[in-house]
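Good morning, everyone, and thank you for making the time. I would like to walk you through one complex, going from the confidence values to a single chain and then to the place where two chains meet.

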Amino acid sequence: MVISKKVEFSASHVCRSSQLTDSENERVYGPAANPLGHGHNYVVEVAIEGDPDPVTGMILDLKRLKEILDEKVLDVYDHRLLNREVSPFDRIVPTVENIAIDIWNRIAPSIQGRARLYSVRVHETSDLSVEYRGAE
Amino acid sequence: MTVRTPTVRLSRRYEFFASHRLHSSAMTDAENVATYGKCNNPHGHGHNYEVELTVRGAVDPITGRVVDLVLLDRLAEEQILAPFRYRNLNEEVAAFRSTVPTTENLGAEVDRRLREAWPKTFPGSGPHLEKVRIWETERNICEIAAENRQ
């Protein structure tokens with residue numbers, strides 16, 4: 001069984017790689033390559049897999065999941081410039097792909113007991129989202 | 001040394017508006033009305049269709065992207081949006097001269113067009129098209145996934 005929870009944060013980023021030329025950056029990322037940055041209201045859907053506890057009827061206490069998301073994701077990402085203020089985006093480009101992977105890496109160790117992290121989906125806009133299900 | 005990069009699924013959504021009529025020449029008028037109801041109206045009607053493409057692949061370590069969105073958008077524009085946008089699907093899209101433009105058949109046609117054009121845009125073992133979903137309305141959604149293609 002899979003249960004999911006949704007949270008939101010707002011952040012700014014610049015999509016530019018120091019390993020690409022200016023014109024390559026503009027071709028790959030379009031207006032998102034603006035060096036002064038721009039922002040999004042990100043929506044994060046975290047899905048947890050497992051069998052419900054026979055007594056509580058829960059796979060994982062959703063209050064606990066909310067605490068993990070607050071501490072590991074929202075406190076780190078919300079109202080930040082990702083390139084400057086959130087590691088590893090001083091080294092890699094904060095595309096929505098890399099954000100989904102980073103959120104997975106931040107929360108996976110905290111999901112314990114009968115629950116297993118199944119997927120992290122990050123919506124950058126209403127028409128673009130990325131899902132990461134861990135190493136495949 | 002081969003650097004293993006994570007595999008992710010990226011979903012991109014597009015919208016187009018089109019009209020259609022659900023009517024099969026293999027059925028009687030009464031059967032068509034019984035099968036398709038209001039959608040059998042001889043004058044046709046339209047929808048705001050949404051198409052979501054899910055692409056699976058490895059994240060490029062330099063760009064941080066799983067697929068070149070400029071190329072994906074161009075492929076969607078050429079194969080789906082330009083041919084279907086503001087069209088009467090029954091009259092103006094060849095595939096629907098012989099099949100009924102239900103959400104199922106429209107989804108299958110979207111999937112067929114994209115897979116046919118895919119290798120030219122994304123050659124080799126690059127990102128692949130894992131899933132196509134099409135919304136006729138918010139409540140009618142059809143999904144064609146790689147594992148259950150015929």
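Let me begin with chain B, whose mean pLDDT is 94, with 97% of its residues reaching 70 or more. Please keep in mind that what you see is a predicted model, and that for the complex the predictor gives an ipTM of 0.90 together with a pTM of 0.92.

Staying with chain B, how many helices and strands does its secondary structure contain? There are 5 helices and 5 strands, and if you follow the sequence from its start, they come in the order β-α-β-α-β-α-α-α-β-β. As for its dimensions, the C-alpha atoms of chain B fill a box of roughly 65 × 25 × 25 Å when the box is taken along the principal axes. Of the 150 residues in chain B, 28% are buried. If we take the contacts in chain B between residues at least 6 apart in sequence, 69% of them join residues that are at least 24 apart.

Now let us turn to chain A and look at how some of its strands are arranged. Strand β1 of chain A, residues 2-13, pairs with strand β2 of chain A, residues 38-49, in the antiparallel sense, and this pairing runs over 12 bridges. To find it on the screen, you can look for A:His13, whose bridge partner in β2(A) is A:His38. Strand β2(A) is also joined by 7 bridges to strand β4 of chain A, residues 116-125, and these two strands again run antiparallel. Here a useful landmark is A:Val46, which stands opposite A:Val120 in β4(A).

Finally, we come to the place where the two chains touch. The contact takes 16 residues from chain B and 21 residues from chain A. Which element gives the most to the side of chain B that touches chain A? That is strand β1 of chain B, residues 7-20, with 7 residues. Sorted by class, this side of chain B has 7 nonpolar, 4 polar and 5 charged residues.

Strand β1(B) also takes part in a pairing across the two chains, since strand β5 of chain A, residues 128-132, pairs with β1(B) in the antiparallel sense over 4 bridges. If you would like to locate this pairing for yourselves, start from A:Ser129 and go across to its bridge partner in β1(B), which is B:Ser11.

Thank you for listening, and I am happy to take your questions.

Technical notes
Residues numbered from 1 in each chain as written. Chains lettered and ligands numbered in written order. Predicted model: local features only at pLDDT ≥ 70, side-chain atom pairs only at ≥ 80, totals over all residues. pLDDT = per-residue confidence, 0-100. Pairing = 2+ DSSP bridges. Buried ≥ 20, exposed ≤ 12 C-beta atoms within 10 Å, placed from the backbone. Contact = placed C-beta atoms within 7 Å. Nonpolar A, V, L, I, M, F, W, Y, C, P; charged D, E, K, R; others polar.
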